[in-house]
Amino acid sequence: MKKPNEIVAARLGSPLAIGVGEGEFFIASDASPFLEYTNNAVYLEDEEMAIISLHNPLNIRKIKDDRLVSPYVQELKINLEQIEKGGYDHFMLKEIFEQPHAIKDTYRGRLLTDEGIIKMAGIEDHMAKFLNANRIIIVACGTSWHAGLVAEYIIEELVRVPVEVEYASEFRYRNPVIDNSDVVIAISQSGETADTFAALELCKKNKMKTLSIVNVVESSIARNSDLVLPIHCGAEIGVASTKAFTGQMLVLYILTLKISFLKKNIDKNMFEKKIKELKKLPKLIKATLSVESEIENISNTFANAKGSMFLGRGFAYPIAMEGALKLKELCYVHAEGYPAGEMKHGPLALIEEGIPVVVLAPRDKYYEKTLSNMQEVISRGAKVLLISNKSKDEISSENVWKTIEVEKTSDELLPFLLTLPLQILAFHSAKNKGYDIDKPRNLAKSVTVE
Ligand code: M6R
């Protein structure tokens, strides 16, 4: 080692901050880790390097031509908490708006377009188990369970293997019929949910191959699974799960595409087309997030209603349930997610003058049917917020209270976009009420007890 007292840090792509303390320096991707030691920081530009050595001032140079750059030392005026929130007042909003980036982090290194393959380190050596599975069982709780339900629609469509999505809290106690020809997938953001962990242990006892989809890779669920697929979406702090939900759906979708292609259910052309479309998702998410102000304006109605309903068909149904869950947990009002086609079997009786109803009607094969269910609630007095996707055709349905259109994409990717207005709706409804959005009452981020 020629210069043992010297550290060189270079920036290319990802951020790099140097904390300048009293006789000490800190290197991090942002200021939060060193804020408790110094609030003086230098942010490197791309293609700059910092040469840090004991007893010498900070030396910054351009990598290309070794030109000296005089360091601009900023005095940070923000506190630790604000820095972590990246300028947002709430973690939840920050995490909602991080989704374009988080989605990229989830698929980074997995979609090898040039080679026409999907690589999923962690399961590559075990693909035979997935290809030969007689059944896939998904266990999860809350929002993670909704991600599993969306996957059920997509796996059954593209892989043609039966999928069962189970609440972990029910599955673990009901002596389920399982054997080692099944594959179990446990989904958990925290990787610490007690019920999901117990469900996984039950499967292991029955000699099933266990795969977990987690955000926290050091977690108990990850450590106790045979295989792990991380969602890599960065720390999620808000109790309401947002970016982890889209990350979970994405990992499940990528896994589905891979199995479907290997089983020859889709050909190479179709496979490549789907991957190409998938790579547009971050941009489409970003564009869709611009509906925020429209939603903010109507959130008052949901915040002050005595209850609301969220309706959808196909995979829009689990997204409807997810929207209702978000509103319940943040805004403390009753909300129910229901399959649009089931309303006439009971819940239609709940519809009365002025009740807000969200109808998710993407222009997929269910579109006409969902619009007709929507008219059933409108004619009973519901105030309908219709969420669909952009198209050259106008929506020809009458007496809709408000319409929000997400971007255009393939049917399989619509769940990602339909989710966004619902996350924003829950956020602004709770903000309207002045509630603690990041820490709703009675709830915890990781439910480590039963
Ligand atoms: O960490 P997990 O994904 O296992 O957590 C499961 C649920 O507790 C969680 O998704 C919960 O429903 C969220 N707070 C909903 O926003």
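**Close-up views of strand S18, its sheet and a helix pair**

**View 1. Register of strands S18 and S19 in the predicted model.** Pro356 stands opposite Lys383 in S19. This pair belongs to a parallel pairing of S18 with strand S19 (residues 383-389), which extends over 5 bridges. S18, helix H14 (residues 367-378) and S19 together form a β-α-β unit of right-handed sense.

**View 2. Register of strands S16 and S18.** Strand S16 (residues 307-312) pairs with S18 in the parallel sense, here over 3 bridges. Met309 has Val357 of S18 as its bridge partner, and Leu311 stands opposite Val359 in S18.

**View 3. Burial of strand S18.** Of the 5 residues of S18 (residues 356-360), 5 are buried, so the strand is largely enclosed by the rest of the structure. The burial applies to both faces: Pro356, Val358 and Leu360 lie on one side, Val357 and Val359 on the other, and all are buried. Buried here denotes a relative accessible area under 20%. Two of these residues reappear in the strand pairings: Val357 as the bridge partner of Met309 and Pro356 opposite Lys383 in S19.

**View 4. The open sheet and helix H12.** The sheet comprises 5 strands in the order S17-S16-S18-S19-S20, is open, and has parallel pairing. Its edges are formed by strand S17 (334-339) and strand S20 (402-406); each has a single partner strand, so one side of each is left without a neighbour in the sheet. On average, neighbouring strands of this sheet are turned by 20° against each other, direction ignored. Helix H12 (residues 292-304) packs on the sheet and touches S16, S18, S19 and S20. The direction of H12 makes about 135° with that of S20.

**View 5. Packing of helices H5 and H13.** Helix H5 (residues 142-159) packs with helix H13 (residues 316-331) at an angle of about 170°, and their axes are 8 Å apart. Angles over 145 degrees count as roughly antiparallel, and H5 and H13 are therefore roughly antiparallel to each other. On the H5 side, the contact is made by Gly142, Thr143, Trp145, His146, Leu149, Val150 and Tyr153. H13 contributes Tyr317, Pro318, Ile319, Met321, Glu322, Leu325 and Lys326. By class, the residues of the contact of H5 with H13 divide into 9 nonpolar, 3 polar and 2 charged.

Notes:
Residues numbered from 1 in each chain as written. Predicted model: local features only at pLDDT ≥ 70, side-chain atom pairs only at ≥ 80, totals over all residues. Heavy atoms only, no water. Buried < 20%, exposed > 50% of the residue type's maximum accessible area, 1.4 Å probe, protein only. Helix = DSSP H or I, 4+ residues; strand = E, 2+ residues; numbered from the N terminus. Pairing = 2+ DSSP bridges. Right-handed = clockwise from strand over helix to strand, strands pointing away. Axes fitted to C-alpha atoms, helices over the stretch in contact; angles between N-to-C directions. Contact = heavy atoms within 4.5 Å. Parallel < 35°, antiparallel > 145°, perpendicular 65-115°, else oblique. Nonpolar A, V, L, I, M, F, W, Y, C, P; charged D, E, K, R; others polar.
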